[in-house]
Amino acid sequence: MTVDEAGTLLQYMSTDYPNFKSQNMGFTVTRWASAFEGTPFEVVLSAYNAYVLKGSDYAPNVGHIAKIIKDNVSDPKMSELEAWGEVVKAVRDSDRAAEHFENFSLEIKRAVGCPENIKAWGRDITEEEFNTVIQSNFIKNYRIQEKKFEEYANLPEHIRAKLPISEMLNIEKKDDIFFGDEPKKGVPEEFAKAMEELKEELFNERQNKQKGMQL
């Protein structure tokens, strides 16, 4: 999340919580941006929306939002059929597609694609196609997203700190993570460095285990 995006988040916060005030808004914006540096704005905003929907009377602090993000990444709570149920509800109310999409978990958002798909599913296809082809494709995509979240959560914490989850979600398959001696074309440099660190760490762990077995 950038400083500008943190400013947008705090504008939302000021609207949702009229009593929210800061003695130094510039410092507050910088603090939020620093706390979530490397975390995509859509992830932070989704966590903030989840907090708002809980009905708290007080604006969240950095720790509240960080916990929601951590819980969402490390412990996905919806089965694929429960996630599909959320999509069905949104399609039945497709005039509010953007609002429904915003309230989806990140996994569902990635599996659906965009609010326009919700509108199209409610308007341009038959119910039979929606309940067969679209459902099948969604569940397939949702499983892919769940696996990526699981892989991300299993990475060492110091690697996750350098590796935005958005980059993990953009990886098409597990083999793309460990890409051998040379980084793949199009892989962000920071992402490549983080994964090289992980490979070196795993190699050292294996070496230490082998030494321990020989003693």
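So, the order of elements: reading from the N terminus, this predicted model goes α-α-α-α-α-α-α-α-α-α-α-α. That makes 12 helices and 0 strands.

Okay, some whole-protein numbers. There are 215 residues, and 36% of them are buried. The exposed surface comes to about 13,400 Å², with carbon and sulfur atoms supplying 49% of that. And if you take the contacts with a separation of 6 or more, 61% are between residues 24 or more positions apart.

Now, the inside. In soluble globular proteins, nonpolar side chains tend to end up buried together. Here, the largest nonpolar core has 24 residues. Which residues have the most contacts inside it? Those are Met1, Leu9, Met13, Trp32, Phe36 and Ile65. As for who contributes, the elements giving two or more residues are helix H1, at 3-16, helix H2, at 25-35, helix H3, at 41-53, and helix H4, at 62-74. H3 gives the most, with 7 residues.

Let's zoom in on Leu9 for a second. Leave out residues up to four places away in sequence, and Leu9 still touches Met1, Trp32, Phe41, Val44, Leu45 and Tyr48. There's also another core, lying apart from that one, with 19 residues. Its members include Ala83, Ala97, Ala111 and Ile139.

Back to H2, since Trp32 keeps coming up. The buried residues of H2 are Thr28, Val29, Trp32 and Ala33. Why do we say they line one face of the helix? Look down the axis of H2: the buried residues fall within an arc of 130 degrees, so one face is what they line.

Last bit, the aromatics. How many aromatic pairs do we get? The count is 7. One to pull up on your screen is Trp121 with Phe130: the ring centres are 6.4 Å apart, the planes sit at 50 degrees, and the pair counts as tilted. For anyone wondering about that label, it's because stacked needs planes under 30 degrees apart and edge-to-face needs over 60. Are Trp121 and Phe130 buried or exposed? Both are buried. And these two rings belong to a cluster: ring pairs link Trp84, Trp121, Phe130, Phe138 and Tyr142.

So, to recap: 12 helices, a largest nonpolar core of 24 residues, another core of 19 lying apart from it, and an aromatic cluster that includes Trp121 and Phe130. That's me done.

Conventions. Residues numbered from 1 in each chain as written. Predicted model: local features only at pLDDT ≥ 70, side-chain atom pairs only at ≥ 80, totals over all residues. Heavy atoms only, no water. Helix = DSSP H or I, 4+ residues; strand = E, 2+ residues; numbered from the N terminus. Buried < 20%, exposed > 50% of the residue type's maximum accessible area, 1.4 Å probe, protein only. Contact = heavy atoms within 4.5 Å. Areas by Shrake-Rupley, 256 points an atom, 1.4 Å probe, with all protein chains shown as cover. Phe/Tyr/Trp six-rings, centres within 6.5 Å; stacked < 30°, edge-to-face > 60°. Core = buried A, V, L, I, M, F, W, Y, C linked by side-chain atoms within 4.5 Å. Arc of directions from axis to C-beta.
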